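Visitor: Hi, could you walk me through this one? I'd like to start with the pocket and then wander a bit.

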Amino acid sequence: MTSTAHLGASGHERTADTPERPRSTGGRGPLGGLVWLVWRQHRLVFGVLLAAAAGGAVWCAVLRGRMAAFIDAHHIAGCSQISLVARCSDTQGPVTAFRDAYNPSMKLAEAGLVLLPVLVGVFLGAPLIARELEAGTHKLVLSQSVGPLRWLAAKTALPAAVVLAAGTLMSAAYTWLWQVGGDEVSGAYWYSTLGFNSLGPVPVAYALLGLAIGTLTGLLLRRTVSAMGVTLALTALVQYAFGALRPHLLPLATAKFGNSEPTQVADSSWLVDQGYYTTSGERLPEVPCRPDQDFDGCLRQHHVAGQFMDHHPASHHWPLAFFEAGLVLALTAVLTVLAFRVMRRRHG
């Protein structure tokens, strides 16, 4: 029996028994094609995130120039409304005017960075896997040459890279802005909930954590809307928990003052706890002495030697920030490993 010969599209002779070569995929293998598919599926969210980062960076640059000009013109660098610094004794008016003009803008930027992990988790992380599982489209991909672990890696790698790039740009832009008028002048103190979660590596780490929480939640629940709701709650809960843990990540500095000394730490310090201490060193949260009685005599009667203030000085800011960011990234890594283990157990 002879096979029938005919000419292919290229003009070369080919027999009917010769298998046709697969069509070119443009140089992309199965994994590369999947990454491209992830981009196509989530390009709207990616575009909004990257555009917000670029626009925010430009806005911060413009605002920084205006703030710096105001501070230089009124000589209020490092001054707060109520300050212990001698040269700032007559700057209350300009500092108040500065805060009225620029504090709302800084708070808006801080709020955006604090909400970034929640938005990433809810609108990117949760639908990333849950939508595929809910619709059943993952079965088509897993039936091809891409295994479940490679599929999950491709699905999460590109979103993580986009979140890392956008979060880093946003955080760097705001930190650059904050260095001009942060803390004392604007009242955007580094230790406030909004301030700390908006500076340096902290918002970037939380954004990646939000993505990891959303991905794992979507993988477990397999329902998009449910995963979005749970991700919202878990991301907010984790941020709250770390905020409560934050004062204890580094040893506190303690300032002690005698009964006749003024009690105030530096304007930029984060006051965590204060109270009275006795001559034996015992700490008292308060003393049973009223201002309308012989207050000094009452203090002596209770052996009160003075007051203490436990605080984090401004020099603790960046060590605290990098320590907390490291813990958050470690948790992110744990959740990512769990997601791969769940994927392997269910589809391996």
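Guide: Happy to; here are some notes on the pocket, the core, a helix and a sheet. This is a predicted model, where local features need pLDDT of at least 70, side-chain atom pairs count only at pLDDT 80 or more, and totals for chains, interfaces and linings use all residues. Residues are numbered from 1 along each chain as its sequence is written, and side-chain values use heavy atoms, with hydrogens and water left out.

Visitor: Thanks! How much space lies in the largest pocket?

Guide: About 470 Å³. A pocket here is an open set of points on a 1 Å grid over the protein atoms alone where a 1.4 Å probe fits, with protein on both sides within 12 Å along at least five of seven lines. The volume is the space filled by probe spheres set on the points, which are joined across faces, edges and corners.

Visitor: And which residues are closest to its centre?

Guide: Ala 52, Ala 53, Gly 112, Leu 116 and Met 170, out of 23 that line the pocket; a lining residue has an atom within 4 Å of a point. Helices H1 (30-74), H2 (92-135) and H4 (148-181) each supply at least two lining residues. Helices are DSSP runs of H or I with at least four residues, and strands are E runs of at least two, numbered from the N terminus.

Visitor: How does the lining divide by residue type?

Guide: Into 20 nonpolar, three polar and no charged residues. Ala, Val, Leu, Ile, Met, Phe, Trp, Tyr, Cys and Pro count as nonpolar, Asp, Glu, Lys and Arg as charged, and the others, Gly among them, as polar.

Visitor: On to the core. Which element gives the most to the largest one?

Guide: H2, with twelve residues. The core has 63 residues, and Ile 76, Phe 98, Val 163 and Tyr 174 touch the most other members. A nonpolar core joins buried Ala, Val, Leu, Ile, Met, Phe, Trp, Tyr and Cys residues through side-chain atoms within 4.5 Å.

Visitor: Is H6 mostly covered or exposed?

Guide: Mostly covered, as 18 of its 20 residues are buried; buried means under 20% relative accessible area, exposed over 50% and partly exposed in between, with a 1.4 Å probe and protein chains only. Just after H6 comes Arg 222, with a positive phi near 65°.

Visitor: Last topic: what is the strand order in the open sheet?

Guide: S3-S6-S4-S5, with antiparallel pairing; two strands pair if DSSP finds at least two bridges between them. Eight bridges join S4 (270-278) to S6 (304-312), and Thr 278 stands opposite Val 304 in S6.
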